[in-house]
Amino acid sequence: QSQLSQALNGLSDRAKEAKEFLVQLRNMVQQIQENSVEFEACLVAQCDALIDALNRRKAQLLSRVNKEHEHKLKVVRDQISHCTVKLRQTTGLMEYCLEVIKENDPSGFLQISDALIRRVHLTEDQWGKGTLTPRMTTDFDLNLDNAPLLQSIHQLDFVQMKVSSPVPAPPILQLEECCTHNNSATLSWKQPPLSTVQVEGYILELDDGNGGQFREVYVGKETMCTVDGLHFNSTYSARVKAFNKSGVSPYSKTLVLQTSEDTQSEEQTLPFPVPLERSQLRRMSPFSSTLNLQPSFSGRSYFELRSSAHQLSLHSSLQSLNSAVAWFSFDPASAHADIIFSNDNLTVTCNSYDDRVVLGKTGFSKGLHYWELSIDRYDNHPDPAFGVARIDVLKDAMLGKDDKAWAMYVDNNRSWFMHNNSHTNRTEGGITKGATVGVLLDLTRRTLTFSINEDQQGPVAFENLEGLFFPAVSLNRNVQV
């Protein structure tokens, strides 16, 4: 009895669920009927709207046919009227000439014969070529192209009934085209060769360089992307996926890449093959405080280190022998148009008396960085500025005029620190031709310090610095560094 009672309880629950399900189904029947009426009304309204549009277009096309009809009739009727008048004049002249020919007085005939002959020839010439040719054809040079509309009508269908396209296949990272340069990485990918599924775009993801979570750094249709402002001497993982209207593909295989090898070797190799050819990569405005993204050209870059034995007007080094080192030059792509480059973009001057800004190619977001600039020419006591800036700093004003730059500007006697057009810490001591200006960017302590001829100039210039910074200089035509 106990077992049967328990079994009946279970069966009772099923029966209760079945009754509720039957109520749900009956409600669905009613809802289907209501939705059907509503859907039919909507369908009729949409088709009626198409028919109304077709009738309006039909009326417009008939109006054009009527205009063409009236135009043809007018041209033909005008030609009939003109030809009738000329024919009447010609007939009258012919009848008069026949009466003159009947004249029996030779002297009277000779008096008017020359004038009549000229008039007859003139009238005949007026019936020259083209006069007796219709000016208008009877055909209507109009042809209604209804094939596209008929095709669209035949293809008119419910979207829900169409089979949706599948999601894309995982993209393939092209290792031979992926490369790193200083703290930038260029990644390239493609769809599998046999894939026929349409792709609307791609999503590139990178981790934080410490094995943390992935985050999106690029979304778009391009198949190549350059990421700037990565940490030096760090290992990043990258992956990419494709998407279309149907959904998102699985991820590609994960690619591990290394930024800026150490100084043990003059020229380092990458963890994957890199072509020997090199093409400059364009830099655009930062994607975030530490990443700078853009679709890249199909050029290549390779990792490059140079030994400190090279004498350069602009160079970068690190205080620690075992730390990573990043060499860079000035960047023509982001500089003001008045800046003049030479010496493989290691030396700059300007063709304007106004201050113009030029940046270094490499941005820093982590670590300790020091570089020096040699004053090759200094005329008429100008005040060039040296420091760091965001990529979108003003290029047509002294460095430090806006909130995107932190700088020291200096003349032949003294210097000032400037940020957001605020001048602070006037310090005695200036520059001359041959002087060396040093810039120490410590992103561990988040400070910026300057020196002239290896002696610190003033106190710590700026503190609490955070984000992506590019070496920067502003100068006019009286200065070359």
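Two strands count as paired if DSSP finds at least two bridges between them. The exercises below apply this and a few further rules to a predicted model.

**Exercise 1. Find the order of the strands in the open sheet of 6 strands, and say which are the edge strands.**

Solution. Begin with the pairing, which is antiparallel, and follow it across the open sheet, whose 6 strands then come in the order E14-E24-E17-E18-E19-E20. Next, look for strands that pair on one side only: these are strand E14 (356-359) and strand E20 (422-428), the edge strands. From one strand to the next, the twist averages 20°. Finally, take one pairing in detail: strand E17 (residues 385-389) and strand E18 (residues 405-410) run antiparallel and are joined by 5 bridges, and Gly387 has Ala407 in E18 as its bridge partner.

**Exercise 2. Classify the ring pair of Phe417 and Phe462, and state which parts the pair ties together.**

Solution. A pair of aromatic rings is described by the distance of the centres and the angle of the planes. Rings pair if their centres lie within 6.5 Å, and the model holds 10 aromatic pairs by this rule. For Phe417 and Phe462 the centres are 6.1 Å apart and the planes stand at 50°, so the pair is tilted. Because Phe417 belongs to strand E19 (residues 414-419), while Phe462 sits in the loop between strand E23 (455-456) and strand E24 (470-475), the pair ties together parts that are 45 residues apart in sequence. As a last step, check the accessibility, which shows that Phe417 and Phe462 are both buried.

**Exercise 3. Identify the residues that ring pairs link into a cluster, and the arginines that lie over the face of a tyrosine.**

Solution. Following the ring pairs from one residue to another gives a cluster of Phe232, Phe328, Phe364 and Trp371. Turning to the charges, Arg239 is placed over the face of Tyr251, 3.7 Å from the ring centre, and Arg477 is placed over the face of Tyr353, 4.8 Å from the ring centre.

**Exercise 4. Compare the span of helix H2 with the expected value, then locate its kink and its buried residues.**

Solution. Helix H2 (residues 106-126) has 21 residues, and the distance from its first C-alpha to its last is 30 Å, close to the 30 Å expected at 1.5 Å a residue. Nevertheless, H2 has a kink of about 40° centred on Ser113, and Ser113 is also one of the buried residues of H2, together with Leu116 and Thr123. To relate Thr123 to another helix, take Leu93 in helix H1 (residues 2-101), which is buried with a relative accessible area of 7%. The C-alpha atoms of Leu93 and Thr123 are separated by 8.8 Å, although these residues are 30 residues apart along the chain.

Note on methods. Residues numbered from 1 in each chain as written. Predicted model: local features only at pLDDT ≥ 70, side-chain atom pairs only at ≥ 80, totals over all residues. Heavy atoms only, no water. Phe/Tyr/Trp six-rings, centres within 6.5 Å; stacked < 30°, edge-to-face > 60°. Helix = DSSP H or I, 4+ residues; strand = E, 2+ residues; numbered from the N terminus. Buried < 20%, exposed > 50% of the residue type's maximum accessible area, 1.4 Å probe, protein only. Lys NZ or Arg CZ within 6 Å of the ring centre and 35° of its normal. Axes fitted to C-alpha atoms, helices over the stretch in contact; angles between N-to-C directions. Expected span 1.5 Å × (residues − 1). Bend = angle between axes of the 7 residues up to and from the residue.
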